[in-house]
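Hi,

Here is the structure I promised to pass on. Have a look at it first, and then read on for what turned up when I went through it.

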Amino acid sequence: MPRKGMRTVFFSSSRASSPARSPYGSPLRGSSPETPPHTFSASITEENVEIAESIVRKWSVEQGSSYCIIESLFGDDRKEAKDFLRSVKDLQAAMQFFSSEGSSSEYLVRSQNLMQMAMTRLEKEFYRILSTNRNYLDPESVSSRSSRASPRSSYSDFDEDASEELGDSLSEGERVSDLVMADLKLIADTMIASGYTKECVKIYKLIRKSIVDESLYYLGMEKLNLSQLQKFDWEAVELKIKTWLNSVKIAVKTIFNGERILCDNVSLCSSPLIAESCFAEIARENAIALFGFPELVSKFKKLSPEKMFRVLDLYDAVSDLWPEIESIFSSESMSAVRSQAVNSLVKLGEAVRAMLVDFETAIQKDASKSPVPSGGVHPLTRYVMNYIVFLSDYSGILADIVADWPLSNHSPLPESYYSSPSPYSYDSAITERLAWLILVLLCKLDGKAELYKDVSLSYLFLANNLNYVVSKVRTSNLTLLIGDDWVVKHEGKVKQYAANYERMGWDKVISSVPELSRTATISPEAARNCFKSFNSAFEEAYRKQASWIVADQKLRDEIKYSLARKFVPAYRSFYEKYGAMFRRRMGAEAIVRYAPDDLGNYLSDLFYGTGGGEYTSKSSISSSSPSPSSRSSEHRVR
């Protein structure tokens, strides 16, 4: 009888009418297709048991001996392994024969004892191959197999021609890797067919899970819960996000994908369910932790709008990997992994929506009451537009997030605010959302323009800021979303603001120069008064506007050219006709202070925010800059 704890494998006697076959489908040694089991020669079977015993005992190991300190059965001499595995098949055939005959002979007991010894040896061999060939079974090497054929059973069964043919097309590392996987598969097939599935799977899971754990550890992956994450400041969390982003593709496409391929190649042919079970036990816990990290970030305390882009990076990474996630974790046993990935996307989307609301609220509630002294671009304008430009770079992701999230404002954007057809639909949620944010900013800028006491400066402020907004739209992805017509329309508004500035800021200068006809003349006294009025108006305008700024060079040049065109030609005509009347006498006040060319020089010094003179820094205003009257003495008419 078998010893206590001995595994006994019995086969149904109903199979006696069929040719005796091994679990691999090949006829049992000593039988033929025409020979039924009940006529099988007992002497031949007993002889096969004797031969198997000599081979199995040669390679037998003690039950408690170390897994690794054993001589390799699958060494350079492949004949030893071939004979050992054939002996296992013979023992299976012998147990089938004796059990079907109802025999209680000692050969049945001996076969079962020898099978136990053989399985113990294969367990240790399986462990040894997995442990000592980690370099050839690393996830990166294994994942590259997806483009190659899986190990051929003939290779595993020591078909020399096949192995040479396969080896010619592979590198040394790939050849060894294929050979190792083929040996593992052969051992797994043998143990599973012999009823030792549990032992085989236990060893496989133990070794491979430790390798996956180690690989993820070296990638910097951590298993955190929400309470642990909340204890970190944002700088630390951001560093963890960067690590996660740099590692997640490797984790999915290399580590988990490689592990899935290895599981399939080692045990799929024997049982797909076993392969799925192994992979699930090895990868599920780590995969859930991996895809759970983005959800934890989405719940992080105080996710202000500044943190938006890291959250979008996480969403992008999970979304981009979704096809691989569905493929690699496709089994029912891995449904928790897929669910975690989906849940992370949902929570990240909710966090993005909340931050967009906070961003809009921050624009509306901006409480700065001090106008920009120079009328330049407001810090709020720079911040908001740079933020929206960055958002437009994530338009594809944001389109998914805000697709079913209509604007909460009660007054929808007017159709005139949009543009003509573009590559993107203007009724899309993301287009409407970004356009709305820009409109909220423009409305806020209108309010800030009212803070200026000088109306002309308020118009210059509006021209500067709207021009900055338009420039940001035109030179970014926003132009694809909002459209060229929007840009053209708002460029027209910039010109309108600039024209209003010129009218309000330089009207006195322009009106002080009389328009002369070819024949009309005025008295010397009237001409004297015209020159004085012009001097006073020009010096006042210049002095007041010397510290004002137009940050954009193109807009700055357009305003200067427009101003010069409005009064310099008229002044030149007046100067040429009446300037010679008022040559300056010694000690007398100069009546004609500016030659026509001087005016162009002074205009060219404006809008740099430096108080006049040569432009040095847009942010510095010199209080000691000379006035037009003091700088033009060398050009006065004497």
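Is the crossing of α3 and α8 left-handed or right-handed? It is right-handed. Before I go further with that pair, please keep in mind that this is a predicted model.

**The chain as a whole**

You will see a helical chain: 23 helices and zero strands. Of its 638 residues, 50% count as buried. The exposed area comes to about 30,500 Å², and carbon and sulfur atoms supply 51% of that. If you take the contacts between residues at least 6 apart in sequence, 80% of them join residues at least 24 apart.

**Three helix pairs**

Back to α3 and α8. Their axes come within 10 Å and cross at roughly 20 degrees. Angles under 35 degrees count as roughly parallel, so that is what α3 and α8 are to each other. On the α3 side you will find E123, F126, Y127, L130 and S131, and these meet E199, C200, I203, Y204, L206, I207 and R208 in α8. By class, the contact of α3 with α8 has eight nonpolar residues, one polar and three charged.

Helix α8 (residues 197-218) also packs against α11 (residues 272-298), with axes that come within 9 Å and cross at roughly 30 degrees. That angle makes α8 roughly parallel to α11. The crossing of α8 with α11 is right-handed. From α8, the residues in this contact are T197, V201, Y204, K205, R208, K209, V212, D213 and L216, while α11 brings in I274, S277, C278, E281, I282, E285 and N286. Sorted by class, the contact of α8 with α11 has seven nonpolar, three polar and six charged residues. If you want residues to click on, Y204 and R208 of α8 are listed in the contact with α3 and also in the contact with α11.

The third pair is α2 (residues 78-100) and α3 (residues 106-132), whose axes come within 9 Å and cross at roughly 150 degrees. The crossing of α2 and α3 is left-handed. Here α2 uses F84, L85, V88, L91, Q92, A94, M95, F98 and S99, and α3 uses Y107, L108, S111, Q112, L114, M115, A118, M119, R121 and L122. The make-up of the α2 contact with α3 is 14 nonpolar residues, four polar and one charged.

**Just past α3**

R134 sits in the loop between α3 and α4 (139-143). Its relative accessible area is 28%, so R134 is partly exposed. Setting aside neighbours within four places in sequence, R134 is in contact with S210, I211 and E214. R134 and I211 are 77 residues apart along the chain, yet their C-alpha atoms are separated by 8.1 Å.

**Two residues with positive phi**

K302 and F607 are worth a look together. K302 is not a glycine, but it has a positive phi of about 55 degrees. You will find K302 in the loop between α11 and α12 (308-328), and at 74% relative accessibility it counts as exposed. F607 is not a glycine either, and its positive phi is about 70 degrees. F607 is in the loop between α22 (596-604) and α23 (628-631). With a relative accessibility of 0%, F607 counts as buried.

**Two more buried residues**

Where is V513 found? V513 is in the loop between α19 (484-511) and α20 (524-545). Although it lies in a loop, V513 is buried, with a relative accessible area of 6%. Which residues is V513 in contact with, leaving aside its neighbours within four places in sequence? They are F534, A570, Y571 and F574. V513 and Y571 are 58 residues apart in sequence but 6.0 Å apart in space, C-alpha to C-alpha.

N467 belongs to a helix, α17 (residues 455-474). Its relative accessible area is 15%, and the limit for buried is under 20%, so N467 is buried. Not counting residues up to four places away in sequence, N467 touches V494, D552 and L555.

That's everything I have for now. Shout if you'd like to go through any of it together.

Cheers

Terms used. Residues numbered from 1 in each chain as written. Predicted model: local features only at pLDDT ≥ 70, side-chain atom pairs only at ≥ 80, totals over all residues. Heavy atoms only, no water. Helix = DSSP H or I, 4+ residues; strand = E, 2+ residues; numbered from the N terminus. Buried < 20%, exposed > 50% of the residue type's maximum accessible area, 1.4 Å probe, protein only. Contact = heavy atoms within 4.5 Å. Axes fitted to C-alpha atoms, helices over the stretch in contact; angles between N-to-C directions. Parallel < 35°, antiparallel > 145°, perpendicular 65-115°, else oblique. Left-handed = near helix turned anticlockwise from the far one by under 90°. Nonpolar A, V, L, I, M, F, W, Y, C, P; charged D, E, K, R; others polar. Areas by Shrake-Rupley, 256 points an atom, 1.4 Å probe, with all protein chains shown as cover.
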